[in-house]
Amino acid sequence: MMPSFPSVSFLMTLMLAAAVCAQEKQVVREVVKDTAGNAVQTYEQYFIQPVKSNGGGLIPLPVKVPLCPLGINQVLRRDVPGLPVSFGNPYRPSVVHNVYTTEFVNIELKPSSDNDWPVCKGFSNLWTVDGHSSASDEPPILVGGKPGHSYFKIERDEHFVGGNVYKLSTIFDGIIGTVQGPLLGLPQLVLTNDTAKTLLVKFIKVENATTTSRAGKLALRMFPLY
């Protein structure tokens, strides 16, 4: 009787699994940290502060017609931290609160009241990539994603020296960058493959809900469309 040998397809499956495991071992998984050096956690709120500009934080603004869903733009005033966000993943254990690099998370805007965000009520607060954009090479980041679908990844920037600085990417090929937006020329967040446009950010923990509300209202009052 001839000895039996594993099938070619079985051997290929084993080789693929070994390659995936080897690749995963090379990825450094670490806790994402805020500006105070503490772990970013899912139940807290944070301002996302771009680090390569003199501007402020991030707020939702119209980036196309129709106006809804809104895009994400950076305000010009340094003293306006924007609207805070939280990070989450509905598929991870509820006892795990730290946010890690290499894992995918939802990014959700957290206005302190309805007055901070009086338009586009029919859309969620989750960040997402515009899948219907005519500018498919650099689609804008919008507000209105679906839970369990609109995922982003936080990665440490290995080239920036000084503090906990990160960049954002998606499950698609590309990173989050900025271009000149249509409203007052404010920097607008897009998905891009141009590393020169990479958005580098820090996470500032929100310590005071009253301050957050005032900051959000101040940011939105700067624009007549709001």
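Which residues does Phe87 touch, not counting residues up to four places away in sequence? In this predicted model, the list runs to Val40, Thr42, Tyr46, Val99, Val105, Asn106, Ile107, Ile154 and Phe203. Phe87 turns up again and again below, so a quick look at the whole protein comes before the details.

The protein has two helices and twelve strands. Read from the N terminus on, its elements go α-β-β-β-β-β-β-β-β-β-β-β-β-α, with a helix at the start of the series and another at the end. There are 226 residues in the protein, and buried ones make up 43% of them. As for contacts between residues at least 6 apart in sequence, 59% of these join residues at least 24 apart.

Now for the interior. The largest nonpolar core has 27 residues, and the members that touch the most others are Phe87, Trp127 and Phe203. Strand E5 gives this core its largest share, which is three residues. A second core, separate from that one, is made of six residues, including Leu61, Val75, Leu183 and Leu186. As a general point, nonpolar side chains in soluble globular proteins tend to be buried together.

Phe87 and Phe203 also meet ring to ring. The structure holds four aromatic pairs. In one of them, the ring centres of Phe87 and Phe203 are 5.4 Å apart and the planes stand at 80°, so this pair counts as edge-to-face. Phe87 belongs to strand E4 (residues 85-88) and Phe203 to strand E12, so the pair ties together parts that lie 116 residues apart in sequence. Both partners are tucked away from the surface: Phe87 is buried with a relative accessible area of 2%, and Phe203 is buried at 0%. Joined by Tyr46 and Tyr166, these two phenylalanines form one aromatic cluster. Elsewhere, an aromatic ring has a charge for company, as the charged end of Arg29 sits over the ring of Tyr100, 3.8 Å from its centre.

Tyr46, a member of the cluster, leads on to strand E1 (residues 46-50). E1 is mostly covered, with five of its five residues buried. Tyr46, Ile48 and Pro50 point one way from the strand, while Phe47 and Gln49 point the other way. Strand E1 runs antiparallel to strand E12 (residues 200-205), and five bridges join the two. Along this pairing, Ile48 stands opposite Phe203, and Pro50 stands opposite Val201.

Strand E12 has a further partner in strand E9 (residues 166-170). These two strands also run antiparallel, here with two bridges between them. Tyr166, another member of the aromatic cluster, stands opposite Val201 in E12, and the bridge partner of Lys167 in E12 is Leu200. What about the cover over E9? Five of its five residues are buried. On one side these are Tyr166, Leu168 and Thr170, and on the other Lys167 and Ser169. Strand E9 pairs as well with strand E8 (residues 152-156), again antiparallel, through five bridges. In that pairing, Phe152 has Thr170 in E9 as its bridge partner.

Finally, there is a covalent link to look at. The count comes to one disulfide, formed by Cys68 and Cys120 with their sulfur atoms 1.8 Å apart. The torsion about their S-S bond is about -85°, so the disulfide is left-handed. Cys68 lies in the loop between strand E2 (58-61) and strand E3 (71-74), and Cys120 lies in the loop between strand E5 (104-109) and strand E6 (127-129), so the pair ties together parts 52 residues apart in sequence. The two cysteines fall into separate accessibility classes. At 26% relative accessibility, Cys68 is partly exposed, whereas Cys120 is buried at 13%, since buried means under 20% relative accessible area.

Terms used. Residues numbered from 1 in each chain as written. Predicted model: local features only at pLDDT ≥ 70, side-chain atom pairs only at ≥ 80, totals over all residues. Heavy atoms only, no water. Buried < 20%, exposed > 50% of the residue type's maximum accessible area, 1.4 Å probe, protein only. Helix = DSSP H or I, 4+ residues; strand = E, 2+ residues; numbered from the N terminus. Pairing = 2+ DSSP bridges. Phe/Tyr/Trp six-rings, centres within 6.5 Å; stacked < 30°, edge-to-face > 60°. Lys NZ or Arg CZ within 6 Å of the ring centre and 35° of its normal. Disulfide = S-S within 2.5 Å. Core = buried A, V, L, I, M, F, W, Y, C linked by side-chain atoms within 4.5 Å. Contact = heavy atoms within 4.5 Å.
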